[in-house]
Amino acid sequence: MWSLIISTLLGLWLMFAPGLLGLSSTAADNDHIVGPVIVTFSVIAFWECTQVMRKYNIPLGVWLLLAPWILGYEETVAIVNDMSTGFFVILLSLIKMKVEKHYGGGWSSLIQS
Amino acid sequence: MKEQEIPPGWDYNPAAWSQRIPIVILATIGFFIAAYLSLYQLDILSNVWEPFFGDGSITIFNSKISHVLPIPDAALGAFGYLLDAVTGVIGNTKRWRTMPWIVIVFGLAVGPLGFVSVMLVVFQPVLFDSWCTLCLASAVISIVMIGPAMDEFLASLQYMKRAKDANVSVWRAFWGMKDVREKLT
């Protein structure tokens, strides 16, 4: 649970960081897009049944590690911000959470034959 | 055979009222927010409540993109919330098996459709460099609704999967036909 709270906060941070840090438009646009998606996936994962959504944050975290180089950020603060946020998002998404209730085999039961 | 309320392999009934009412309440709040915003876009209201972002709301609602469609985009959002609320409230506590079709419309409206509408809202700063308090509030509502709605959606999909595995018509299971219900758990 705490890992999801922190990744939600990291997503919110990305939404507000460009304004607070005065980032240039490339970095700001990237953060404004990735931040809300991280928030969305983290919040959906709060419910046990949709807990798997936290794993969708991993590719987003990887993108944050790569984005500064692919998009060619020029400000150091933007590079450090995206990469460190991405690193922690990946780390938090890997934390396994307790599932206490049963959901009839969950989502994977739908594809088993 | 008496029909169980709790789906096989579950600890609780995801179609219970205690599970559904909170979502219906959230959808109703979302509907009122979106309806209020569409009144502004239709020029019925001359101003819109915006405590934090100055001209943010006005910039967004008067943008070209928000008027691409013949109806205001907020009205489309209001319709979405209305669909969420109506499909959330219809049916009894066995509806995951008696009306899978409505549970699936509900799941798709709250889930994928909700996600798309949230993304449209949050990309506003990218496109217009401004924020809008009530848009963010409605985005929060949409996001919070997704998780709790998906369990019932899953129960209905599992029910249709059981129909498929038992070589019973999935189509008839989808519409909650009685002959199918009698053959399945």
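A salt bridge here is a side-chain nitrogen of Lys or Arg within 4 Å of a carboxyl oxygen of Asp or Glu. The structure is a predicted model, and under this rule five salt bridges are counted over all chains. Three of the salt bridges are described below, one in chain A and two in chain B.

| Salt bridge | Closest N to O distance |
|---|---|
| A:Lys98 with A:Glu100 | 3.9 Å |
| B:Lys161 with B:Asp165 | 3.1 Å |
| B:Arg172 with B:Asp179 | 3.2 Å |

In chain A, the side chains of A:Lys98 and A:Glu100 are joined at an N to O distance of 3.9 Å. That value is within the 4 Å cut-off, so the pair counts as a salt bridge. Both A:Lys98 and A:Glu100 are exposed.

In chain B, one pair belongs to helix H8, which covers residues 133–165. B:Lys161 and B:Asp165 are four residues apart in this helix, so about one helical turn separates them. Their closest N and O atoms are 3.1 Å apart. The two partners fall into separate burial classes: B:Lys161 has 12% relative accessibility and counts as buried, whereas B:Asp165 has a relative accessible area of 47% and is partly exposed. The cut-off for buried is under 20%, so the 12% of B:Lys161 meets it.

The other chain B pair described here links B:Arg172 to B:Asp179, with 3.2 Å between the closest N and O atoms. B:Arg172 is partly exposed at 35% relative accessibility. B:Asp179 is also partly exposed, with a relative accessible area of 29%.

Note on methods
Residues numbered from 1 in each chain as written. Chains lettered and ligands numbered in written order. Predicted model: local features only at pLDDT ≥ 70, side-chain atom pairs only at ≥ 80, totals over all residues. Heavy atoms only, no water. Buried < 20%, exposed > 50% of the residue type's maximum accessible area, 1.4 Å probe, protein only. Helix = DSSP H or I, 4+ residues; strand = E, 2+ residues; numbered from the N terminus.
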